[in-house]
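Colleague: I should like to learn how such a model is read, feature by feature. May we take burial as the opening topic and then turn to helix packing?

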Amino acid sequence: MEHPENADLYKGLKVNKGVADAPTVNPYLKKRIQRTEYTPSEFVEGILRGNITILSQAVTLVESAKMEHQQIAQEIIEKCLPFAGRSVRIGITGVPGAGKSTSIDAFGMHLLEQGRKLAVLAIDPSSERSKGSILGDKTRMEELSREKNAFIRPSPSAGSLGGVARKTRETIVLCEAAGFDTVFVETVGVGQSETAVHSMVDFFLLIQLAGTGDELQGIKRGIMEMADGIIINKADGDNIEKARLAASQFRNALHLFPMPDSGWTPKVLTYSGYYKLGIKEIWDMVNEYIAFTKKNGYFHLKRNEQAKYWMYESVNDTLRDTFYHNPVVESLLKETEQKVLNNEVSSFIAAKQMIDLFLQDLSRK
């Protein structure tokens, strides 16, 4: 249809025809390539070759809640175990905003310059409401994310103990089998249950800030006792003196605690993750600790205790999952819950009744 503006009545005004709408789908877009399906043996072969794509897919299987994925993942882990255990595992925690991701970027580049291979398992907090995670840690590790000898894997915490993804322990095994000689486990932040991180690493590093008020405010004794080293970040510019004062206060606080089982006296250092100041001194401290604990036998003793701890944790997880997925329990759970809410039965008696029903069902099978 011609535009009425082009009639003689509107001389001097010319309206051209419009162009057709562009297609919403890119015509050059190729069909999505299907992901290759691997057997457990092919997964293991690829991991041992250091293939990052195959390693990432194996970690996805480990994190999956699907039973068929779990069976494949356990077979992969079992075959990778003989090639694991040769890395140094470091847990990194601290209050939110302390600069954990920026520090890991600086620490990682320092280690890569020494010829090391680094795996970073960055745990992102999951929303209690939506169960979703931002998984943005990788974006804050700008330099490290571009390096071929660094593997960064953000994982949702999924509300698990201490903000550590439930399958991080198995992921460490896969990363070690892939040839990574240093593994960082970055946690969500300081909380009541950092035991979960402590129970899978060789060195536990606590990052703190200076110039935020009372330096010892909010520091839980349990976290301080677990730390093998405390580092005060953002010791630069006008904050240098405040950082030194904070370090002094932490050293005084550490004297009040009993000597750790390792026999190592935790050190307190200051540094700047942003300006990369004092990074070498931190890694000299970590290497000194590793050498010290290997010499007195604590390093291997701790790893044995950790393996035992995670065996019992796996037993507890399996028992809990088996209980809640039992058909008899599932059918009566809501009804029993309602009885508790109506004060018809106490919480403890209700729990015992459910467990008795569960055990009876198992005995019939």
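Modeller: Buried means under 20% relative accessible area, exposed means over 50%, and partly exposed lies in between. Please bear in mind throughout that this is a predicted model.

Colleague: Why does Met109 count as buried or exposed under that scheme?

Modeller: Met109 has a relative accessible area of 12%, and the cut-off for burial is under 20%, so Met109 is buried. The residue lies in helix H4.

Colleague: Which residues does Met109 touch, leaving aside those up to four places away in sequence?

Modeller: Met109 touches Glu143, Leu144 and Glu147. A further relation is the distance between C-alpha atoms: Met109 and Lys276 stand 9.9 Å apart in space, with their positions 167 residues apart in sequence.

Colleague: Where is Lys276, and what is its phi?

Modeller: Lys276 is in the loop between strand S7 (267-270) and H9. Its phi is positive, at about 60 degrees, although Lys276 is not a glycine. Because its relative accessible area is 39%, Lys276 is classed as partly exposed.

Colleague: Which loop holds Lys234, and what is the phi of that residue?

Modeller: Lys234 sits in the loop between strand S6 (229-233) and helix H8 (240-254). Phi of Lys234 is near 60 degrees, a positive value in a residue other than glycine. With a relative accessible area of 37%, Lys234 is partly exposed.

Colleague: Let us turn to a contrasting loop residue. Where is Val201, and is it buried or exposed?

Modeller: Val201 belongs to the loop between helix H6 (195-198) and strand S5 (203-209). Its relative accessibility is 0%, and therefore Val201 counts as buried. Setting aside residues up to four places away in sequence, Val201 touches Arg89, Ile90, Gly91, Val185, Lys302 and Gln306. Val201 and Val88 are 113 residues apart in sequence, yet their C-alpha atoms are 7.9 Å apart in space.

Colleague: What share of contacts in the whole protein joins residues at least 24 apart?

Modeller: Among contacts between residues at least 6 apart in sequence, 73% join residues at least 24 apart. As for burial, 42% of the 365 residues count as buried. The protein has twelve helices and seven strands.

Colleague: Now to helix packing. How should the angle between H4 and H9 be read?

Modeller: An angle of 65 to 115 degrees counts as roughly perpendicular. Helix H4 (residues 100-113) and helix H9 (residues 279-296) pack at about 75 degrees, and their axes are 10 Å apart. H4 and H9 are therefore roughly perpendicular to each other. On the H4 side the contact is made by Ala106, Phe107, His110 and Leu111, and on the H9 side by Ile279, Lys280, Ile282 and Trp283. By class, this contact has six nonpolar, one polar and one charged residues.

Colleague: How are H1 and H2 arranged?

Modeller: Helix H1 (residues 40-49) and helix H2 (residues 52-63) pack at an angle of about 130 degrees, with 8 Å between their axes. That angle makes H1 oblique to H2. The crossing of H1 past H2 is left-handed. H1 contributes Phe43, Gly46, Ile47 and Arg49 to the contact, while H2 contributes Ile54, Leu55, Gln57, Ala58 and Leu61. Sorted by class, the contact of H1 with H2 has six nonpolar, two polar and one charged residues.

Colleague: What is the arrangement of H2 and H5?

Modeller: An angle over 145 degrees counts as roughly antiparallel. H2 and helix H5 (residues 168-177) pack at about 160 degrees, with their axes 10 Å apart, and H2 and H5 are therefore roughly antiparallel to each other. H2 passes H5 in a right-handed crossing. Leu55, Ala58, Val59 and Val62 of H2 meet Glu170, Thr171, Leu174 and Cys175 of H5. This contact of H2 with H5 has six nonpolar, one polar and one charged residues.

Colleague: Cys175 appears in that contact. Is Cys175 buried or exposed, and how many disulfides does the structure hold?

Modeller: Cys175 counts as buried, because its relative accessibility is 0%. Cys80 is likewise buried, at 0% relative accessibility. The structure holds zero disulfides.

Terms used:
Residues numbered from 1 in each chain as written. Predicted model: local features only at pLDDT ≥ 70, side-chain atom pairs only at ≥ 80, totals over all residues. Heavy atoms only, no water. Disulfide = S-S within 2.5 Å. Buried < 20%, exposed > 50% of the residue type's maximum accessible area, 1.4 Å probe, protein only. Axes fitted to C-alpha atoms, helices over the stretch in contact; angles between N-to-C directions. Helix = DSSP H or I, 4+ residues; strand = E, 2+ residues; numbered from the N terminus. Parallel < 35°, antiparallel > 145°, perpendicular 65-115°, else oblique. Contact = heavy atoms within 4.5 Å. Nonpolar A, V, L, I, M, F, W, Y, C, P; charged D, E, K, R; others polar. Left-handed = near helix turned anticlockwise from the far one by under 90°.
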